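Hi,

Here's the structure I promised to pass on. Have a look at it first, and then read my notes below.

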Amino acid sequence: MRNTSNNNIFVEIALNLGIDIAEKLEAGEHVEGQQAWLVMDLLMQRHRTTILFEDEEIGENVECYAIAFRIGSNHVFYLLKTGKESSCWITTSSKDEVLKNIQLLEDAIRKCNG
């Protein structure tokens with residue numbers, strides 16, 4: 001795991017939730033299930049965040065929720081819940097990367113209504 005000031009959120013995640021979770025997120029991979037919600041709770045409690053996108057849809061038999069928020073100036077956190085499955089990931093805050101991921105969240109929410 002890279003240890004620079006820009007990556008202090010990953011060090012914080014490692015110290016609070018485990019190195020395996022932090023390394024996955026730093027590598028751009030998804031963290032699944034309850035761990036995704038724990039990461040979101042940790043980041044929202046300990047950092048100033050700016051919500052970039054948030055939506056919720058309740059379909060016939062499925063509930064969907066999506067959120068994207070900026071953490072500081074370097075990273076954006078995303079969480080997507082569809083039915084009983086949840087997943088989160090973190091990217092850099094580059095405009096193209098953020099727009100691509102918010103589009104992914106919007107598409108998933110639309111699919112929730114079927």
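What follows is a quick tour of the strands, the cores and the cysteines. One thing to keep in mind: this is a predicted model.

Let's start with strand 5, residues 85-92. It is mostly covered, with 6 of its 8 residues buried. On one side of the pairing list is strand 4 (residues 75-82), which runs antiparallel to strand 5 and is joined to it by 8 bridges. If you want one pair to look for, Lys81 has Ser86 in strand 5 as its bridge partner. These two strands make a hairpin with 2 residues between them, and Gly83 in the turn has a positive phi of about 65°. Strand 5 also pairs with strand 1 (residues 31-32), again in the antiparallel sense, over 2 bridges. There, Val31 stands opposite Cys88 of strand 5.

Now for the inside. As a rule, nonpolar side chains in soluble globular proteins tend to be buried together. Here the largest nonpolar core has 21 residues, and Ile13, Leu25, Leu43 and Phe77 have the most contacts inside it. Helix 1 (8-17), helix 2 (19-26), helix 3 (34-46), strand 3 (63-71), strand 4 and strand 5 each supply at least two of its residues. Helix 3 gives the most, with 5 residues. Try clicking on Leu43: leaving aside residues up to four places away in sequence, it touches Ile9, Ile13, Thr49, Phe69, Ile71, Phe77 and Ile90. There is also a second, separate core of 14 residues, which includes Cys64, Val98, Ile102 and Ala108.

That brings us to the cysteines. How many disulfides does a search of the whole structure find? It finds 1. Cys64 and Cys112 form it, with their sulfur atoms 2.3 Å apart. Cys64 lies in strand 3 and Cys112 in helix 4 (residues 95-112), so the pair ties together parts that are 48 residues apart in sequence. The torsion about their S-S bond is about 95°, so this disulfide is right-handed. Both Cys64 and Cys112 are buried.

And why does Cys88 have no bond to Cys64? Its sulfur is 17 Å from the closest cysteine sulfur, the one in Cys64, and that is too far for a bond; the cut-off for a disulfide is sulfur atoms within 2.5 Å. Cys88 is at 0% relative accessibility, so it counts as buried.

Cheers

Methods: Residues numbered from 1 in each chain as written. Predicted model: local features only at pLDDT ≥ 70, side-chain atom pairs only at ≥ 80, totals over all residues. Heavy atoms only, no water. Buried < 20%, exposed > 50% of the residue type's maximum accessible area, 1.4 Å probe, protein only. Helix = DSSP H or I, 4+ residues; strand = E, 2+ residues; numbered from the N terminus. Pairing = 2+ DSSP bridges. Core = buried A, V, L, I, M, F, W, Y, C linked by side-chain atoms within 4.5 Å. Contact = heavy atoms within 4.5 Å.
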